[in-house]
Amino acid sequence: MGNDKLTLVQALKFARHDFLNDLQLILLYMDLGKLPEAKQKILDTTNAMRQTAMLERLGLPAVEAWIVTFDWMYSVFPKTITATITPGIREADDAAVAAYLGQVFRTAEKLVDPTSEYETQIDVNASSSSWSITIIVNGKMDNMLASPETTGHFNVEETISQHQWTFTIRGQ
């Protein structure tokens, strides 16, 4: 998208668009008599909303906002989220972590193959004393570069193969 932040109006437009897409898909399934598929879409959508709501427990609001708006900001990487979070006091500089993630994915978006499809899984885990965010991108990853050095109270690990990029950022 070329921008680090969405305005409130932009975020609401994206959310409304996504919600209407889900409703239209459910209605289509119902019109076609595919009630099990409609029910599954409702369950999948509510589970995704539950996972997103759980991010608040992380206690890193800028990181939460970055994850929630991820597929609007980096549309080439559609995402699913899982979150297992125990609330705690975080030592990491929230804004620095979100800025670092933004820098990494702005670069990644420029390097991907525009003719390929990508799937992204974001797993957020936190105990009362530590946290980690693992991002797995599946798709053609031939041109990926190693992530930049970190500064602050967080560490990064990554592996890059031809068809998968696994990126983990963690801190206290």
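A salt bridge here is a side-chain nitrogen of Lys or Arg within 4 Å of a carboxyl oxygen of Asp or Glu. The views below come from a predicted model.

**View 1. Glu157 and Arg170 form a salt bridge between two strands.** The side chains of Glu157 and Arg170 meet at 3.4 Å, N to O. That distance lies within 4 Å, so the pair counts as a salt bridge. Glu157 belongs to strand β4, and Arg170 to strand β5 (residues 164-171). The pair therefore ties together parts that are 13 residues apart in sequence. Glu157 is partly exposed, at 46% relative accessible area. Arg170 is partly exposed too, with a value of 32%. A search of the whole structure finds 4 salt bridges.

**View 2. Asp113 and Lys140 join two loops.** Their side chains meet in a salt bridge of 3.3 Å, N to O. The pair links distant parts of the chain, 27 residues apart. Asp113 sits in the loop between α5 (94-111) and β2 (119-126). Lys140 sits in the loop between β3 (131-138) and β4 (154-160). Asp113 has 17% relative accessibility and counts as buried, because the cut-off for buried is under 20%. Lys140, at 35%, counts as partly exposed.

**View 3. Asp71 and Lys79 meet in a salt bridge.** The N to O distance is 3.0 Å. Asp71 is partly exposed, with a relative accessible area of 23%. Lys79 has 18% relative accessibility and counts as buried. The two residues thus fall on either side of the 20% cut-off, because buried means under 20%. Asp71 and Lys79 are also among the lining residues that lie nearest the centre of the largest pocket.

**View 4. The largest pocket holds about 820 Å³ of space.** Its lining is made by 20 residues. Nearest the centre lie Asp18, Asp22, Ala48, Asp71 and Lys79. Four elements each supply at least two lining residues: α1, α2 (35-54), α4 (70-73) and β1 (79-85). Helix α2 gives the most, with 7 residues. Sorted by class, the lining has 8 nonpolar, 6 polar and 6 charged residues. Why use a probe to look for such space? Rolling a probe the size of a water molecule over the atoms shows where empty space is left.

**View 5. Phe19, Leu20, Leu23 and Met49 make a nonpolar surface patch.** The patch covers about 380 Å². Helix α1 (residues 8-31) provides the largest share, 3 residues. Leu20 lies in this helix. With a relative accessible area of 43%, Leu20 is partly exposed. That value passes the patch cut-off, because patch residues need over 30% relative accessible area. Helix α1 also supplies at least two residues of the lining of the largest pocket.

**View 6. Trp165 is buried in strand β5.** Its relative accessibility is 1%. Trp165 therefore falls under the 20% cut-off for buried. Which distance separates the C-alpha atoms of Trp165 and Asn138? The two C-alpha atoms are separated by 6.6 Å. Along the chain, Trp165 and Asn138 are 27 residues apart. Strand β5 also holds Arg170, the salt-bridge partner shown in View 1.

**View 7. Thr84 is an exposed residue of strand β1.** Thr84 has 53% relative accessibility. It counts as exposed because the cut-off is over 50%. Thr84 and Gln164 are 80 residues apart in sequence. In space they are 23 Å apart, C-alpha to C-alpha. Strand β1 supplies at least two residues of the lining of the largest pocket.

**View 8. Ala62 lies in helix α3 (residues 61-68).** Is Ala62 buried or partly exposed? At 27% relative accessibility, Ala62 counts as partly exposed. Ala62 and Ala38 are 24 residues apart in sequence. The C-alpha atoms of Ala62 and Ala38 are 34 Å apart in space.

Technical notes. Residues are numbered from 1 along each chain as its sequence is written. This is a predicted model: local features need pLDDT of at least 70, side-chain atom pairs count only at pLDDT 80 or more; totals for chains, interfaces and linings use all residues. Side-chain values use heavy atoms; hydrogens and water are left out. Patches are made of residues with over 30% relative accessible area and no salt bridge: like charges are joined within 9 Å, nonpolar side chains (Val, Leu, Ile, Met, Phe, Trp, Tyr) within 5 Å. Accessible areas come from the Shrake-Rupley method with a 1.4 Å probe; for residues, only the protein chains shown count as cover. Buried means under 20% relative accessible area, exposed over 50%, partly exposed in between (1.4 Å probe, protein chains only). On a 1 Å grid over the protein atoms alone, a cavity is a set of points where a 1.4 Å probe fits but cannot get out, and a pocket is an open set with protein on both sides within 12 Å along at least five of seven lines; lining residues have an atom within 4 Å of a point. Grid points are joined across faces, edges and corners, and a volume is the space filled by probe spheres set on the points. Ala, Val, Leu, Ile, Met, Phe, Trp, Tyr, Cys and Pro count as nonpolar, Asp, Glu, Lys and Arg as charged, and the others, Gly among them, as polar.
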